[in-house]
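Reader: Can you walk me through this one? I'd like to start with a single residue, then move on to the sheet and the cysteines.

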Amino acid sequence: MSDNETRLTRLTAGDAELTVNPDNGCRIESLRIGGTELLRQGERYGCFPMVPWCGRIELGQFRNGGEKHQMPLNSGPHAIHGTGRDTAWRTARADKAEAAFTYELGEPWPYPGRVTQTFELTEDALTLQLGVETYGDSFPAQAGWHPWFNRTLGGGEPVRIDFSPAWQEERGADHLPTGRRIDPKPGPWDDCFGMPDGVDVTLTWPERLELKVTSRAEWVVVFDEQEAAVCVEPQTGPPNGLNTLPQYVTPLEPLEIAATWSWRRL
């Protein structure tokens, strides 16, 4: 059901309620389970798509063949989290429990194309999908999500994060991976981890809720240095991956990623 005045799209399934704001980067503004809000509130928070890149690009620069491109330095001295979160998206379809949105790639991104994001809500899960298509030339891209989960739910105990990554990307002083893979270290984290069998992270709010973030993607950034919220970000490559591990969108093969949040009460 869509509210034309505010352009908020609200999905419901059982006692799960999802609110998406296509005008504010097609971010999830709210996810409520049984009336309890799971996401940090505020226009910069909720859960936003990271596209057409994830995390930081070193000095905002990347190459595609012999061409070098400069992105705006919105996290000086780097460019961070793509352009999708700063864009108004078009609502392609929306019904009670499913919705799809698109936006056209354009300045400052140098290549024309289309990004599609879909949401499917059930009583105990939310499935997210992102797809990036090109209208012409092939180009490197990344896609993923940046959710801000509340550290506590209704004043209960702080959330616990459980996962078993194969490695941690060593982080340099510039917040970029150095290229070295190291044994995972204990938090707090603002770090990228490799999970070659797929992202599988469990968030547990004791005596409240367990939520699993899963994806066939092999990379996840975990950020828990903030008091109010924690972030578990499945993505198609590591930070600065446009330079270090480029994946290409071609006329024959789009870039696609899906993730599922599934939950149960404790």
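Reader: What does Ala-94 touch, leaving aside its neighbours within four places in sequence?
Author: This is a predicted model. In it, Ala-94 is in contact with Thr-9 and Ala-99.

Reader: How far is Ala-94 from Leu-11, in sequence and in space?
Author: The two are 83 residues apart in sequence, and their C-alpha atoms are 8.3 Å apart.

Reader: Which strand holds Ala-94, and is the residue buried or exposed?
Author: Ala-94 lies in strand β11. Its relative accessible area is 34%, so it counts as partly exposed.

Reader: Where does β11 stand in its sheet?
Author: The sheet is open, with eight strands in the order β11-β12-β13-β14-β27-β23-β22-β18 and antiparallel pairing. β11 (90-94) stands at one edge and β18 (160-162) at the other; each has a single partner strand, so one side of each has no neighbour in the sheet.

Reader: What is the average turn between neighbouring strands?
Author: 15°, direction ignored.

Reader: How many bridges join β13 and β14?
Author: Nine, between residues 113-121 and residues 125-134, in the antiparallel sense. Gly-113, for one, has Thr-134 in β14 as its bridge partner.

Reader: Changing topic. How many disulfides are there?
Author: Zero.

Reader: Why is Cys-26 not bonded to Cys-47?
Author: Cys-47 has the closest cysteine sulfur, but the distance is 10 Å, which is too far for a bond. A disulfide needs the sulfur atoms within 2.5 Å.

Reader: And what about Cys-192?
Author: Cys-192 is in no disulfide either; the nearest cysteine sulfur, in Cys-54, is 9.5 Å away.

Reader: Are Cys-26 and Cys-192 buried or exposed?
Author: Cys-26 is buried, at 0% relative accessibility. Cys-192 is buried too, with a relative accessible area of 4%.

How values were computed: Residues are numbered from 1 along each chain as its sequence is written. This is a predicted model: local features need pLDDT of at least 70, side-chain atom pairs count only at pLDDT 80 or more; totals for chains, interfaces and linings use all residues. Side-chain values use heavy atoms; hydrogens and water are left out. Two strands pair if DSSP finds at least two bridges between them. Helices (H or I, at least four residues) and strands (E, at least two) are DSSP runs, numbered from the N terminus. Axes are lines fitted to C-alpha atoms, for helices over the stretch in contact, and angles run from 0 to 180 degrees between N-to-C directions. Buried means under 20% relative accessible area, exposed over 50%, partly exposed in between (1.4 Å probe, protein chains only). Contact means heavy atoms within 4.5 Å.
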